[in-house]
Amino acid sequence: MAAAAERVRTARKPIIIAGGGVRYAEAEASLAALSNACGIPVVESFAGRGAGREASLNAGGIGFIGSPAANELATEADLVLAVGTRLSDTLTGSHTLFQNPDVSFVALNLAERDLCKMGALALRADARAGLEGLAAALEGHTAPAEWRDRADRAIVRHVARVGEIVGTENPRMTGYEAVAEIKDAARREDRVVFSSSTAIGQAHSIWDSRSDATVDMEYGFSCMGYEIPAALGAAMAGTVKGRILALIGDGTFLMGNTTEIVTAIQEGLAFTIVVVVNRGWQCIRGHQLGSYGEEFGTQFRRREGNARNLTGETLAIDYVANARSLGADGVDVHSRAELRTALERARRSDRPFLIAAHVEDAPLPIESGAWWEFGIPQADAPEGLRETRAAFEAAAAKHRWFV
């Protein structure tokens, strides 16, 4: 503990990464107490989203689809206190994010495997006990004022940018606008469940843990199909005071997420399901196009002749009819105004309520500032692949290994 506290005291640019272990240990208050007393910015992993709710210098989600504010601070940090996190490749930018030449790590964790990552000084302890011990050892210490001001400016700039983007409506509702509407409609006592899909990346970037509803982001193995079962589990536990809402992509929904709707009706439980209808597995399609230049099998379209890609007419899939056939309520929406109305209607429902939000697939116009190593073939075809590989190698040159 003394060695860890000494590293924090001598650091000029410290940050805390809050992982899922903070939430499992119910250490949110302890995290906020340490962060606020010492002026250390907090960034959150997927599993740790909401852990730093009461930390005033909370820069949001870290990683390749996170907040640019969080990633800016991580890039510059000279001391990283990783609390209850696995430090996965999506978080570390495949070992390219932490670029300060003097950066060092302190890992506070119960999992022995995660204590040694990034060459960290190991502090094996429960997250709450460890944070409280550090707070006691650091009593009276405050991070440099210029670093606290740097963090505050980055956070303010990002929040303003998010407000600017989601405050401007597109002619056709986009996926990130649907996420923004859910964010604004959800109350602090609500619980919003995300998992795999494009939407989780958009939420990881724009969700403000300090003011927005609690989120449950399962991204450990990009678990498609977690959303509705998790909503059902939360409803059965009875610990959520507000409304439970699951956001799920249409591709994941079609992989089999109806049993829990029937179970909820059996048990008299209610929650909201928002199916983002973008007519395919768009996240996977984006990775295909980005890594190889072509997509295959990710669009809900008819195949025309011998075409490799699915370019025919879009399949007509009625998600609301499916939900109603199981006894749930539901409605289709095509605009932000319709989505707002539907979310309020769903809140009053006494059974599962499915909203099919038809959106235009469009990227969130915010760059995270972090990279993720997604393999690119060493080949000349299709056209442009050589340039894609060159860009990959340039980014991979930033790899750092900590021992």
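**Entry 1: the largest cavity**

I looked up the lining of the largest cavity first and found I182, A185, A186, D190, R191, V192, R243, L245, T272, L343, E344 and R347. This is a predicted model, where local features need pLDDT of at least 70 and side-chain atom pairs count only at pLDDT 80 or more, while totals for chains, interfaces and linings use all residues. Residues are numbered from 1 along each chain as its sequence is written, and side-chain values use heavy atoms, with hydrogens and water left out.

For my own reference: on a 1 Å grid over the protein atoms alone, a cavity is a set of points where a 1.4 Å probe fits but cannot get out, a pocket is an open set with protein on both sides within 12 Å along at least five of seven lines, and lining residues have an atom within 4 Å of a point.

My search of the whole structure turned up 1 cavity of 30 Å³ or more. The largest cavity holds about 110 Å³ of space (points are joined across faces, edges and corners, and the volume is the space filled by probe spheres set on them). Two or more lining residues come from each of α9 (175-185), β7 (191-194) and α16 (336-347), and α16 gives the most, with 3 residues. Helices (H or I, at least four residues) and strands (E, at least two) are DSSP runs, numbered from the N terminus.

I sorted this lining into 6 nonpolar, 1 polar and 5 charged residues. Here Ala, Val, Leu, Ile, Met, Phe, Trp, Tyr, Cys and Pro count as nonpolar, Asp, Glu, Lys and Arg as charged, and the others, Gly among them, as polar.

**Entry 2: the second largest pocket**

Next I checked the second largest pocket, with a volume of about 360 Å³. Its lining includes R23, E28, R53, D190, R191 and K241. I count 1 nonpolar, 3 polar and 8 charged residues there.

**Entry 3: strand β12**

I then turned to β12 (residues 353-358), where 6 of the 6 residues are buried (under 20% relative accessible area, 1.4 Å probe, protein chains only), so the strand is largely enclosed by the rest of the structure. F353, I355 and A357 point one way from β12, and L354, A356 and H358 the other way.

For its partners, I noted that β10 (residues 272-277) pairs with β12 in the parallel sense over 6 bridges (a pair needs at least two DSSP bridges). V275 stands opposite A356. β11 (residues 329-333) also runs parallel to β12, joined by 5 bridges, with V331 opposite I355.

Last, I saw that β11, α16 and β12 make a right-handed β-α-β unit (with the strands pointing away from the viewer, the path from the first strand over the helix to the second runs clockwise).

Methods:
Buried < 20%, exposed > 50% of the residue type's maximum accessible area, 1.4 Å probe, protein only.
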